[in-house]
Amino acid sequence: MAFITGMVGCSSFLEEEDPSNLTPESFYTIPDHAEAALASVYADTRFIGGGSGIFSSTWQLLEAPTGTSTTETAQNSDLNNLYGLIYDGRTQHIINWWNGMYKVIAQANLVLEKVPGITPMDEAQKAKILGEARFLRAWAYFYAVRLWGDVPLITAPQTASSEDFRPSPASQEEVYALIVEDLKAAEAAGLPWTDVSGRATLAATKSLLSKVYLTMAGFPLNKGASHYQLAAEKSKEVIDYANASPGMINLFATYPELHDENNDNRLEHIFMLQYNVVVAGNPMNNMFPNFKPVTFAGPSGTGSTVPTEEFYNSYEPGDIRAKNQKGFFYTTYYENGSGAEFDLGAPYIFKHFNQQALGTKDQPGNRANNLNVPLIRFAEVLLIYAEAQNEVSGPNALALESLKRIRDRAGLTTPSLGEFTPDSFRDAVLRERWHELCYEQITWFDMLRLRKVYNEATNGFDNFEGHVNPSSNQALQAKHYLMPYPLPEMQNNPNLTPQNPGY
């Protein structure tokens, strides 16, 4: 009996909560918890750079189907299927995108539910954290709705006991309504225009909202003129701020500045994924040539995303962007990153090549590739305005200036305003989108919203359906407007039906 009494007497001690076992209920109690929770949302955005099998990264989902790149390696069957346009719901890149985005959404939902109840807490700090969380949730849903169309719309934390634990897909209209609502809330949250720490800003919010409006104007929602007008207005707000504060937002004078890690989160870089080798190094190494000694690591690299000759050759004569080591490509480099110059035998992507870390002529790299991954650049904002304004009422002076700024940096001349028609101006802007924004995971979404594809041979645009990608000699089909739902997710959630057409 004494033993039993002793056990009962200890029960209160045994039932005490271990302070190291934090739960959503015990964690969200002080402002530092709110900041840490938001940091976890930002950290989860790096799923894009995660692995998708041998010699491949998750971001390649948005490059391989475009036709602007090909591969020098054949070891990854999922990546090969993306290039060959024969991917399905078992493709690892597709599974990773779905899981990654919904993890961002889940973490943002926790912040949005729990942070409002933290007291005491500075109200401005609280509003800013909630605004950033809504920006990040909108960012994730914007990818989801463009990739899959109708997707589950989850706006609160879920557990296995949640009433809607296995949600059915919501309509694209509903998803876009939440995206716009979140971004408008972020706009009003007191965010600074810029922030060199890399957190979401007012410039990033307005720029993303302009992208959302531009997308809604095109396929599949076809909102047309009203949303082109909204895209023009929102992008102009960023341009007006940049023109008034050119030291805060502007184009870099030269292209190498785009991939100088000292410029992370500055000037042209409006929003980036944050990378540091202490946590995770730049994930664009799959753009290195296959087993050619362009870095301190010697003959390495995978060559699993390299430009097609057709796309490289489609740049106008004299375009600096196609000049060796001056723009977005390189055709020679230095042995082991810093030795004798040698011919690469083909063009490769220089856009994400961090010379400070990897090496350059007579300067060995420091091996710490802390280059961020650009998601929104001021160059894109200029092109959004030019395209959207043209669709509203034809090109105006600011639309021409926006296009001209892109072409001026490339060393190209631009016709005068009177030499353009709305149709010719549209094609000029879209060509610049292909040539300026290539290999930044943007081109595929342009193809979807426009239902057009740049044809390198004609310098014009083909209809999406029937266009043959030079990288695979395969034609795009109507089913490629959407990605298939991931098969594991359909197995886990029987309400995720029907599968998207054609898969």
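**Exercise 1. Locate P498 in this predicted model, and describe the peptide bond that joins T497 and P498.**

Solution. Begin with the position along the chain: P498 belongs to the segment that follows α17. Then turn to the backbone, where the bond between T497 and P498 is a cis peptide bond, with omega at about -10°. A cis bond is also found from T119 to P120, where omega is near -5°, and P120 is placed in the loop that runs between α6 and α7 (123-148).

**Exercise 2. For N265 and N336, state the sign of phi, and decide whether each residue is buried, partly exposed or exposed.**

Solution. Take N265 to begin with, a residue other than glycine whose phi is nevertheless positive, near 65°. N265 sits in the loop between α10 (225-244) and β2. Its relative accessible area is 11%, and because buried means under 20%, N265 is classed as buried.

Continue with N336, which is not a glycine either and has a positive phi of about 55°. This residue is found in the loop between β4 and β5. With a relative accessibility of 35%, which falls between the cut-offs of 20% and 50%, N336 counts as partly exposed.

**Exercise 3. Describe how strand β4 and strand β5 are arranged, and how many bridges join them.**

Solution. Trace the two strands, β4 (residues 329-334) and β5 (residues 341-349), which run antiparallel and are joined by five bridges. Across this pairing, Y333 of the hairpin stands opposite F342, which is in β5. Between the strands of the hairpin there are six residues, and in this hairpin N336 takes its positive phi, near 55°.

**Exercise 4. Which residues form a nonpolar patch on the surface together with V278, and is V278 buried or exposed?**

Solution. Identify the members of the patch, which are V277, V278 and V279, with about 300 Å² of accessible area together. Place V278 next, in the loop between β2 (269-273) and β3 (306-307). Finally, compare its relative accessibility of 72% with the cut-off: exposed means over 50%, so V278 counts as exposed.

**Exercise 5. Characterise the largest pocket by its volume, its lining residues and the helix that supplies the largest share of that lining.**

Solution. Start from the space itself, as the largest pocket holds about 480 Å³. Its lining consists of 23 residues, and those nearest the centre of the pocket are Y102, A106, I154, Q158 and F165. Next, assign the lining to helices: α3 (24-27), α6 (92-114) and α17 (487-492) each give at least two residues to it. The largest share comes from α6, with nine residues.

**Exercise 6. How many cavities of 30 Å³ or more does the structure hold, and which elements supply at least two residues each of the lining of the largest cavity?**

Solution. Count the cavities that reach this volume: there are three of 30 Å³ or more. The largest cavity has a volume of about 200 Å³. It is lined by 19 residues, of which F142, R146, K211, E380 and F445 are closest to its centre. The elements that supply at least two residues each of this lining are α7, α9 (202-217), β8 (373-377), α13 (378-393) and α16 (443-450).

How values were computed. Residues are numbered from 1 along each chain as its sequence is written. This is a predicted model: local features need pLDDT of at least 70, side-chain atom pairs count only at pLDDT 80 or more; totals for chains, interfaces and linings use all residues. Side-chain values use heavy atoms; hydrogens and water are left out. Two strands pair if DSSP finds at least two bridges between them. Helices (H or I, at least four residues) and strands (E, at least two) are DSSP runs, numbered from the N terminus. Patches are made of residues with over 30% relative accessible area and no salt bridge: like charges are joined within 9 Å, nonpolar side chains (Val, Leu, Ile, Met, Phe, Trp, Tyr) within 5 Å. Accessible areas come from the Shrake-Rupley method with a 1.4 Å probe; for residues, only the protein chains shown count as cover. A salt bridge is a side-chain nitrogen of Lys or Arg within 4 Å of a carboxyl oxygen of Asp or Glu. Buried means under 20% relative accessible area, exposed over 50%, partly exposed in between (1.4 Å probe, protein chains only). On a 1 Å grid over the protein atoms alone, a cavity is a set of points where a 1.4 Å probe fits but cannot get out, and a pocket is an open set with protein on both sides within 12 Å along at least five of seven lines; lining residues have an atom within 4 Å of a point. Grid points are joined across faces, edges and corners, and a volume is the space filled by probe spheres set on the points.
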